[in-house]
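Let's walk through this predicted model together. We will begin with charged side chains and end with a nonpolar part of the surface.

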Amino acid sequence: MNKAAVTVLALTLAAGSAIAADLPSFKAPPLAPPPPPLWTGFYVGLNAGGTWSSSNSTRLGSSPLWVSRDNPGPNPSAPADYSVTAALGASGVVSSGNSSGFIGGGQIGYNWQAGFGGYSFVFGVEADIQGIANGGGGNNSSWTNIPATGANVLNDSVLTAVSIRKNLDYLGTVRGRLGYLITPTLLVYGTGGLAYGGVNFNVSGWQAVLPVRASWPSSGFGGGAYSDTRVGWTAGGGLEWMFMPNWSAKVEYLYYDLGSVQMAAGVTAQFYDGSLGGPPAGLKWLNATQARANYNGNLVRAGVNYHFNWGAPPVVAKY
């Protein structure tokens with residue numbers, strides 16, 4: 001009896017093991033790593049930062065001309081004492097002050113995450129525009145007083161005052177970008193292309209013969225102004241971090257060069273000449289001043305972008 005029970009139990013266990021061996025085996029699939037962020041697509045954003053000029057100097061050059069009071073043409077026989085002195089007093093390099101300011105604006109662009117190199121390369125194009133608080137401007141004044149010497153000069157001197165102001169109202173760029181993903185969420189890139197900006201340039205000058213003689217005018221005032229949109233180039237680089245889906249933050253540096261501006265800023269003055277016996281036989285002096293300034297500088301800004309991610313995500317792995 002006992003032997004029969006043991007035999008039945010053994011046969012039952014053996015049959016159960018055989019059936020279990022024939023059943024299908026189920027294993028949990030391996031966990032797929034999360035796909036990298038989608039950089040391909042359009043984006044828009046805002047930025048803010050600061051800019052400062054690389055050139056804070058204005059170069060002035062004078063072309064003095066003596067003319068007769070009764071004859072509007074040049075008078076080559078007139079004494080050169082005042083003309084030479086005035087040229088020295090009104091020419092040279094004058095600082096236009098520290099041209100810097102706060103910037104704020106926006107950008108729009110498109111990225112393409114290339115399929116080669118493990119999707120590590122990102123190409124794109126971006127356009128932006130920024131307004132500049134304080135005009136990014138600087139102004140300064142220069143005063144010189146140089147004695148006039150010579151047989152026909154009555155111990156006079158020529159006093160020259162020049163005021164310079166240059167500023168940048170806005171700055172925009174249209175650039176290409178080429179970047180490399182250090183990690184799936186961190187992009188380092190270089191960028192370069194076209195730059196444009198609204199510039200203003202103002203020069204005013206005043207000159208006088210000292211001492212002033214009430215019987216004869218001996219001072220003059222003049223100046224010039226320039227306002228336009230200048231086009232040049234820009235280059236730089238930055239870092240961009242995808243800190244959450246569809247959102248990135250960036251820091252960026254750009255150097256820009258909008259070229260130089262040159263304009264005429266004339267000053268006309270009537271001077272007393274004692275050798276001619278006083279008024280009305282004095283001479284009139286015309287000083288045509290050329291002013292030249294460069295518009296180039298630096299820009300550092302931070303920004304945030306929203307990515308629409310309309311492109312197809314890169315394939316990571318297949319199972």
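Arg301 and Glu252 are both buried. The two residues form a salt bridge, with their closest N and O atoms 2.7 Å apart. Arg301 belongs to strand E11 (residues 283–307) and Glu252 to strand E10, so this pair ties together parts that are 49 residues apart in sequence. The pair is also part of a network: salt bridges with shared partners join Arg301 and Glu252 with Glu126, Asp128, Arg175 and Lys250.

Now pick out two other members of that network, Glu126 and Lys250. These two residues make a salt bridge whose closest N and O atoms are 3.1 Å apart. The partners come from distant parts of the chain, 124 residues apart: Glu126 sits in strand E5 (residues 121–132), and Lys250 in strand E10 (residues 247–271). Are these charged residues buried or exposed? Glu126 counts as buried because its relative accessibility is 1%, and Lys250 counts as buried because its value is 3%. The cut-off behind both calls is a relative accessible area under 20%.

Next, turn to Arg177 and Glu240, whose side chains meet in a salt bridge at 3.2 Å, N to O. Arg177 lies in strand E7 (residues 157–183) and Glu240 in strand E9, so here the pair ties together parts 63 residues apart in sequence. Arg177 and Glu240 are both buried. How many salt bridges does the model hold? The count comes to eight. As a general point, side chains of opposite charge can pair when their charged atoms come close.

Now for the nonpolar surface. A nonpolar patch of about 970 Å² is made by Phe42, Val44, Ile108, Tyr110, Trp112, Phe116, Val125, Val174, Leu194, Val231 and Phe308. Which elements give two or more residues to this patch? They are strand E1 (41–53) and strand E4 (100–113). The largest share, three residues, comes from E4.

One patch member, Val231, is worth finding on your display. Val231 is found in strand E9 (residues 219–244), the strand that also holds Glu240 of the salt bridge with Arg177. Whereas Glu240 is buried, Val231 counts as exposed because its relative accessibility is 54%, and the cut-off for exposed is over 50%. Strand E9 therefore carries a buried salt-bridge partner, Glu240, as well as an exposed patch residue, Val231.

Note on methods. Residues are numbered from 1 along each chain as its sequence is written. This is a predicted model: local features need pLDDT of at least 70, side-chain atom pairs count only at pLDDT 80 or more; totals for chains, interfaces and linings use all residues. Side-chain values use heavy atoms; hydrogens and water are left out. Patches are made of residues with over 30% relative accessible area and no salt bridge: like charges are joined within 9 Å, nonpolar side chains (Val, Leu, Ile, Met, Phe, Trp, Tyr) within 5 Å. Accessible areas come from the Shrake-Rupley method with a 1.4 Å probe; for residues, only the protein chains shown count as cover. A salt bridge is a side-chain nitrogen of Lys or Arg within 4 Å of a carboxyl oxygen of Asp or Glu. Helices (H or I, at least four residues) and strands (E, at least two) are DSSP runs, numbered from the N terminus. Buried means under 20% relative accessible area, exposed over 50%, partly exposed in between (1.4 Å probe, protein chains only).
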